[in-house]
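Work through the exercises below with the sequence and the 3D view side by side. Try each task on your own before you read its solution.

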Amino acid sequence: MKYKPRIKAAIYVRSARADDKEIIHQINAMLRMIDRNEESLVGVYADNGVSGLTIERPEFQRLLGDAKGGKFAKLYVRDLERISRDPEKMQTAYEQLHVDGVAIVARGNPDGPKLIIA
């Protein structure tokens, strides 16, 4: 049997309102996807009570640094608005993650298909 290395995955969650239950809900949903895909979780980044209009968020900035350092190859988010609600800033973040070799998996509607941007 041939060994298949597990993809290193990270989770990013954000809530504009300081809402621990929402953060935990987002994390659990992403953990289920990582488990189903038989990937290896290497980091969870959570900005709780922080607006999505800026990308200057402590955990998101740490995430970008870890991506640049090659810590993970796939980033799971509930939806792309967790990264940014500003289209230009979303594009900037996507481009940086893409250059760093990170694919973004957005769960979106739990009953609908997931979006993968690679």
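**Exercise 1.** Decide whether Val44 is buried, partly exposed or exposed.

*Solution.* Begin with the cut-offs: buried means under 20% relative accessible area, exposed means over 50%, and partly exposed lies in between, with a 1.4 Å probe and protein chains only. Val44 has a relative accessible area of 32%, so Val44 counts as partly exposed. The model is a predicted one, in which local features need pLDDT of at least 70 and side-chain atom pairs count only at pLDDT 80 or more, while totals for chains, interfaces and linings use all residues. Residues are numbered from 1 along each chain as its sequence is written, and side-chain values use heavy atoms, with hydrogens and water left out.

**Exercise 2.** Find the strand that holds Val44, and then name the residue of β1 with which Val44 forms a bridge.

*Solution.* Helices (H or I, at least four residues) and strands (E, at least two) are DSSP runs, numbered from the N terminus. Val44 belongs to strand β2, which covers residues 40-48. The bridge partner of Val44 is Ile11. β1 and β2 are paired in the parallel sense over eight bridges, where pairing requires that DSSP finds at least two bridges between the strands.

**Exercise 3.** Describe how β1 is covered, and state which other strand it is joined to besides β2.

*Solution.* Strand β1 spans residues 8-15, and seven of its eight residues are buried. Three bridges join β1 to strand β3 (residues 74-77), and these two strands run parallel. Ile11 has Tyr76 as its bridge partner in β3.

**Exercise 4.** Classify His25 as buried, partly exposed or exposed, and locate His25 in a helix.

*Solution.* His25 sits in helix α1, which covers residues 20-36. Its relative accessibility is 45%, and therefore His25 counts as partly exposed. From C-alpha to C-alpha, His25 and Val13 are 9.5 Å apart in space, and they are 12 residues apart in sequence.

**Exercise 5.** Write down the order of helices and strands along the protein chain, and state what share of its residues is buried.

*Solution.* The protein chain has three helices and five strands, and along the sequence they follow the pattern β-α-β-α-β-α-β-β. Of the 118 residues in the protein chain, 40% are buried. Among contacts (heavy atoms within 4.5 Å) with a separation of 6 or more, 71% are between residues 24 or more positions apart.
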